[in-house]
Amino acid sequence: MSSNLETRSLLDELRGFNKGGFFDLGHPLLNRVAESFVKAAGIGAVQAVTREAYLTAVDSTGGDGVLPPEITGTKKSRFPGLRGETNQKSVEALVKSTGKESVQWGLAAGVYSGLTYGLKEARGVHDWKNSALAGAITGAALAITLEDHSHEQVVQCAITGAAISTAANLLTGIF
């Protein structure tokens, strides 16, 4: 049996990841939150790095440093320290920014997953109301992680989170 564990490939590990056996923290809620956090944090890291690679490529091909009009100034300044004096400073800025974005994605997924599970267990049903409440709380929590968040942004993100998660719940099974 131990020889089987030693010969598992990366593909075998990824297949096991979808079966829900990646974490065993002793309680289904903890397992669900941890798995959601890790999966979404990985997606956030990939998204942050690929966005920066794209912006760097577009910036370097333009010659004059002007980005196309479809790329707004907020996206351009997402990693402000990335154009440091040395490559080491650029890599440090990329790692720091990617880590922050990974935590934000993981936080959103972990909070949402934990809330939907907890509400389902408490109410005994999984419906759009659970999704709306979990989405609102998750949206507000995500807005609080922004650097210069305002009360209006927190409320807007809560409403947006509730709307998106409710729509996703109601559309489940249709598509």
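## Exercises on a predicted all-helix model

Gly 139 is buried, its relative accessible area being 9%. The model is predicted, and the exercises below work through it from the whole chain down to single residues.

**Exercise 1. State how far the model can be trusted, and where confidence drops.**

Step 1. Take the average. The protein has a mean pLDDT of 80.

Step 2. Take the share of confident residues. A pLDDT of at least 70 is reached by 73% of the residues.

Step 3. Find the weak stretch. Residues 73-78 have a pLDDT below 50. Beyond near neighbours in sequence, that stretch has six contacts in the model.

**Exercise 2. Describe the fold in terms of elements, burial and contact range.**

Step 1. Count the elements. There are seven helices and zero strands.

Step 2. Read the order. From the N terminus the pattern is α-α-α-α-α-α-α.

Step 3. Add burial. The protein has 175 residues, and 28% of them count as buried.

Step 4. Add range. Consider contacts between residues at least 6 apart in sequence: 54% of these join residues at least 24 apart.

**Exercise 3. Characterise the second largest pocket: volume, lining and class.**

Step 1. Start with the volume. The second largest pocket holds about 380 Å³.

Step 2. List the lining. It consists of 20 residues. Nearest the centre of the pocket lie Thr 138, Gly 139, Leu 142, Cys 157 and Gly 161.

Step 3. Assign the lining to helices. H5 (87-123), H6 (128-144) and H7 (151-171) each supply at least two residues. H7 gives the largest share, eight residues.

Step 4. Sort by class. The lining has nine nonpolar, 10 polar and one charged residues.

**Exercise 4. Place Gly 139 and find what it touches.**

Step 1. Locate the residue. Gly 139 sits in helix H6.

Step 2. Test for burial. The cut-off is under 20% relative accessible area. Gly 139 has 9%, so Gly 139 is buried.

Step 3. Find contacts. Setting aside residues up to four places away in sequence, Gly 139 touches Cys 157 and Ala 158.

Step 4. Compare sequence with space. Gly 139 and Gly 161 are 22 residues apart in sequence. Their C-alpha atoms are 4.7 Å apart.

Step 5. Link back to the pocket. Gly 139, Cys 157 and Gly 161 are among the residues nearest the centre of the second largest pocket.

**Exercise 5. Is Glu 101 buried or exposed, and what does its side chain contact?**

Step 1. Glu 101 belongs to helix H5.

Step 2. Its relative accessible area is 4%, so Glu 101 counts as buried.

Step 3. Look for a polar partner. The Glu 101 side chain makes a polar contact with the side chain of Arg 51, at 2.9 Å.

**Exercise 6. Work out the surroundings of Asn 31.**

Step 1. Asn 31 lies in helix H3, residues 28-62.

Step 2. Its relative accessibility is 14%, so Asn 31 is buried.

Step 3. Check the side chain. One of its polar atoms lies 2.6 Å from the backbone nitrogen of Leu 25.

Step 4. List the contacts. Neighbours within four places in sequence are left out. Asn 31 then contacts Phe 23, Asp 24, Leu 25 and Gly 26.

How values were computed: Residues are numbered from 1 along each chain as its sequence is written. Side-chain values use heavy atoms; hydrogens and water are left out. On a 1 Å grid over the protein atoms alone, a cavity is a set of points where a 1.4 Å probe fits but cannot get out, and a pocket is an open set with protein on both sides within 12 Å along at least five of seven lines; lining residues have an atom within 4 Å of a point. Grid points are joined across faces, edges and corners, and a volume is the space filled by probe spheres set on the points. Helices (H or I, at least four residues) and strands (E, at least two) are DSSP runs, numbered from the N terminus. Ala, Val, Leu, Ile, Met, Phe, Trp, Tyr, Cys and Pro count as nonpolar, Asp, Glu, Lys and Arg as charged, and the others, Gly among them, as polar. Buried means under 20% relative accessible area, exposed over 50%, partly exposed in between (1.4 Å probe, protein chains only). A polar contact is a pair of N or O atoms within 3.5 Å; within protein, one must be able to donate a hydrogen and the other to accept it, and residues adjacent in sequence count only if both atoms are side-chain atoms. pLDDT is the predictor's confidence in each residue, from 0 to 100. Contact means heavy atoms within 4.5 Å.
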